[in-house]
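Here are a few exercises to work through with the model open beside you. Try each task before reading its solution.

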Amino acid sequence: MPDWDVFVSYDRTDAAAVRRIAAALEGAGLRVFLDTEEIRPFDSIPGRLSQALGESKVLLAYYSRSYGSRRACQEEFTTAYLAGPGHVLAVNPEPSSQHLAPRELLDVLLPGHPATKPALNALADAVRSRVADTPGPIGDPGTATGWSAPPKFTGRWKELWEIHSILRGGGTAVVHGVVDIGKTTFAQAYVQQFSPAYRTVFAGHSPAATADDLVVLDDVGSPPEPLPAGVPVLLLTRDPRLAKLGSAVELTDLREDELDLTAGLRTAAEGSTGLARRLSEQFSGSTETVLDRLHRRQSPLLDPLAERLLPAVAGAWDLARVLAAASPVPLTRDAVADILAEAGISTDLDAEFTALLAAGVVVGGLGEFTLPHAFHIVVRGRDPRPARAEQVRQATIALLKNQARPRHTVVPARRRSEIDEAERRAAHQILNELKSRVALRELPDGEGLLRSALNSLYALFGSLRQITGGIDQDALRPSTSVRPGLGTLIPRLQDEILPRFLTYWHTRLDDHHDVRPPGIGSREHELAWPLQAQLRSDLASLQAEVAEVADELAVLSGNPLS
């Protein structure tokens with residue numbers, strides 16, 4: 001016989017409300033396990049809690065907004081759910097359901113919030129009924145052989161459930177993201193948590209896999225050999241083009257509340273989501289000890305970031321050296337030119353600025369530039385010419401000491417200005433508009449209505465006007481030789497690229513639709529149009545032009561390197 005009828009799973013910040021529920025359950029004659037010990041947000045379930053969970057018949061989740069971001073809470077919920085949905089019930093104490101994820105939660109959600117005594121009694125009756133219908137305990141979930149759990153998995157519970165929904169139907173989940181974003185750690189966490197749903201988990205291609213198994217393919221660079229139909233496949237890749245092999249889930253930056261870091265370590269990892277994740281997941285102890293390890297020359301902590309950063313810096317080392325030597329003080333372009341001249345170094349500075357800005361290595365606004373802190377550590381620790389770096393460092397110090405020198409302005413470190421932030425947000429909004437419309441989305445041959453494609457492009461005008469009208473006009477700065485600007489990019493879309501295409505094709509396509517015979521569908525009528533192939537070709541050319549603008553908007557939106 002199980003030791004407990006109900007295991008109450010909750011975030012300790014909700015303790016007061018949960019105690020009332022537990023009291024109502026006990027009043028209904030149920031044996032309730034309620035742990036009151038505080039658990040850190042990023043800690044796993046302690047052993048004694050895991051044992052109590054396994055010995056309980058039903059888990060009752062108090063699913064508040066904070067519940068979904070707590071590792072221990074999610075592990076408890078997942079363990080019980082995988083033992084069988086009948087082992088799980090949930091209560092939503094919030095006024096809305098926006099925070100409820102995964103969608104599987106809706107299948108076990110009790111109606112209403114037990115705030116009144118009658119509601120508490122109704123809740124207790126529902127739980128008692130479920131306990132009576134559940135024959136055995138939740139039990140030990142077990143683990144997948146050959147898979148080690150990440151030492152501290154941070155966040156991404158929503159994504160874990162998303163790929164589980166894909167995989168449990170025998171599909172292929174394609175998890176993609178830039179290098180060092182945490183794809184392998186993500187897969188390890190999924191296997192550790194969800195392996196009870198599979199007979200065997202295969203690390204690598206296995207023709208013997210069946211629909212009851214899971215195949216995990218890590219770091220895939222090209223389409224793999226096909227597996228039998230219905231075999232769940234978790235495919236990890238850096239290449240977003242492989243997303244077409246299944247249902248895509250992109251891993252992006254972790255939110256701040258998903259990173260268990262001190263202020264000192266957050267600063268050190270600035271600019272690199274991957275480094276922040278490693279520091280959060282792999283290390284404990286004093287901040288000073290971790291920083292010492294981070295700043296050692298050739299520190300392995302920096303290897304994944306260096307793998308991506310150093311090729312981008314390869315053609316612009318002198319600019320990177322200057323900004324690293326001055327960090328965290330931002331410098332103007334003229335100040336950088338003065339430093340290089342003082343060091344006796346001649347280089348194509350505009351080309352170096354363009355390369356590093358396009359790669360997301362250099363950040364800044366209003367003509368001032370700097371390196372994110374994590375990039376600064378890599379540049380100083382992995383410089384292939386340390387003597388030249390020292391030469392640049394001395395010239396930088398000399399300039400900073402003599403702020404009265406002409407041709408430059410040394411600006412003290414500051415937060416991103418409101419103008420910069422307005423520019424970044426607007427660039428991000430426009431980029432999303434382009435990605436969601438036919439302006440960037442491919443229209444395969446023979447598919448999609450051309451009239452709908454043109455209407456989608458016309459709708460861009462309204463979106464661009466709305467975005468432009470909603471930001472400070474000072475943020476509409478023109479492009480320069482070292483950075484793009486909305487003042488150039490938006491008119492290029494509004495006044496050049498879109499009008500040129502739409503003016504030519506709008507009336508021609510309308511004239512063709514005006515003579516559509518009765519009984520002939522719009523798509524069939526378009527496919528019979530002699531000019532439809534030319535229109536599709538011109539649309540592809542327009543998309544190539546828009547893609548160039550999108551690349552510059554991506555720079556303005558501040559996409560991080562890793």
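## Getting oriented

The chain has 20 helices and 12 strands. Keep in mind that this is a predicted model. Buried residues account for 50% of the 562 residues in the chain. The accessible surface of the chain is about 25900 Å², and carbon and sulfur atoms contribute 50% of that. Of the contacts in the chain between residues at least 6 apart in sequence, 71% join residues at least 24 apart.

## Exercise 1: A buried acid

**Task.** Find the salt bridge between Asp-213 and Arg-199, and decide for each residue whether it is buried or exposed.

**Solution.**

1. Begin with the distance: the side chains of Asp-213 and Arg-199 meet in a salt bridge at 2.8 Å, N to O.
2. Next, place the pair in the chain. Asp-213 sits in the loop between β6 (201–203) and β7 (214–217), while Arg-199 sits in the loop between α6 (183–194) and β6, so the two residues are distant parts of the chain, 14 residues apart.
3. Now apply the cut-off: buried means under 20% relative accessible area and exposed means over 50%. Asp-213 has 0% and is therefore buried, whereas Arg-199 has 55% and therefore counts as exposed.

## Exercise 2: Two further pairs

**Task.** The whole structure holds 20 salt bridges. Locate Asp-303 with Arg-382 and Glu-545 with Arg-500, and work out which parts of the chain each pair links.

**Solution.**

1. In the salt bridge of Asp-303 with Arg-382, the closest N and O atoms are 2.9 Å apart.
2. Asp-303 belongs to helix α10 (residues 303–313) and Arg-382 to the loop between α14 (373–381) and α15 (386–401), so this pair ties together parts 79 residues apart in sequence.
3. Check the accessibility: Asp-303 is partly exposed at 38%, and Arg-382 is buried at 12%.
4. Turn to Glu-545 and Arg-500, whose closest N and O atoms are 2.6 Å apart.
5. Here the link runs between helices: Glu-545 is in α20 (residues 532–556) and Arg-500 in α18 (residues 486–514), 45 residues apart.
6. Both ends are partly exposed, with Glu-545 at 26% and Arg-500 at 46%.
7. To finish, look for shared partners: salt bridges join Asp-318, Arg-321, Asp-383 and Arg-388 into one network.

## Exercise 3: The surroundings of a histidine

**Task.** Which residues are in contact with His-164, leaving aside its neighbours within four places in sequence?

**Solution.**

1. Find His-164 in helix α5 (residues 157–167).
2. Its relative accessibility is 5%, so His-164 counts as buried.
3. Beyond those sequence neighbours, His-164 is in contact with Leu-82, Tyr-190, Phe-194, Ala-197 and Tyr-198.
4. Look again at Tyr-190: its side chain makes a polar contact of 2.8 Å with the side chain of His-164.

## Exercise 4: One side of a helix

**Task.** List the buried residues of α16 and explain why they are on the same side of the helix.

**Solution.**

1. Helix α16 (residues 418–435) has 18 residues and spans 26 Å from its first C-alpha to its last, close to the expected 26 Å at 1.5 Å a residue.
2. Its buried residues are Ile-419, Asp-420, Ala-422, Glu-423, Ala-426, Ala-427, Ile-430, Leu-431 and Leu-434.
3. These residues cover an arc of only 165° around the axis, which puts them on the same side of α16.

How values were computed
Residues are numbered from 1 along each chain as its sequence is written. This is a predicted model: local features need pLDDT of at least 70, side-chain atom pairs count only at pLDDT 80 or more; totals for chains, interfaces and linings use all residues. Side-chain values use heavy atoms; hydrogens and water are left out. A salt bridge is a side-chain nitrogen of Lys or Arg within 4 Å of a carboxyl oxygen of Asp or Glu. Helices (H or I, at least four residues) and strands (E, at least two) are DSSP runs, numbered from the N terminus. Buried means under 20% relative accessible area, exposed over 50%, partly exposed in between (1.4 Å probe, protein chains only). A polar contact is a pair of N or O atoms within 3.5 Å; within protein, one must be able to donate a hydrogen and the other to accept it, and residues adjacent in sequence count only if both atoms are side-chain atoms. Contact means heavy atoms within 4.5 Å. The expected span of a helix is 1.5 Å times one less than its number of residues. The arc is that of the directions from the helix axis to the C-beta atoms. Accessible areas come from the Shrake-Rupley method with a 1.4 Å probe; for residues, only the protein chains shown count as cover.
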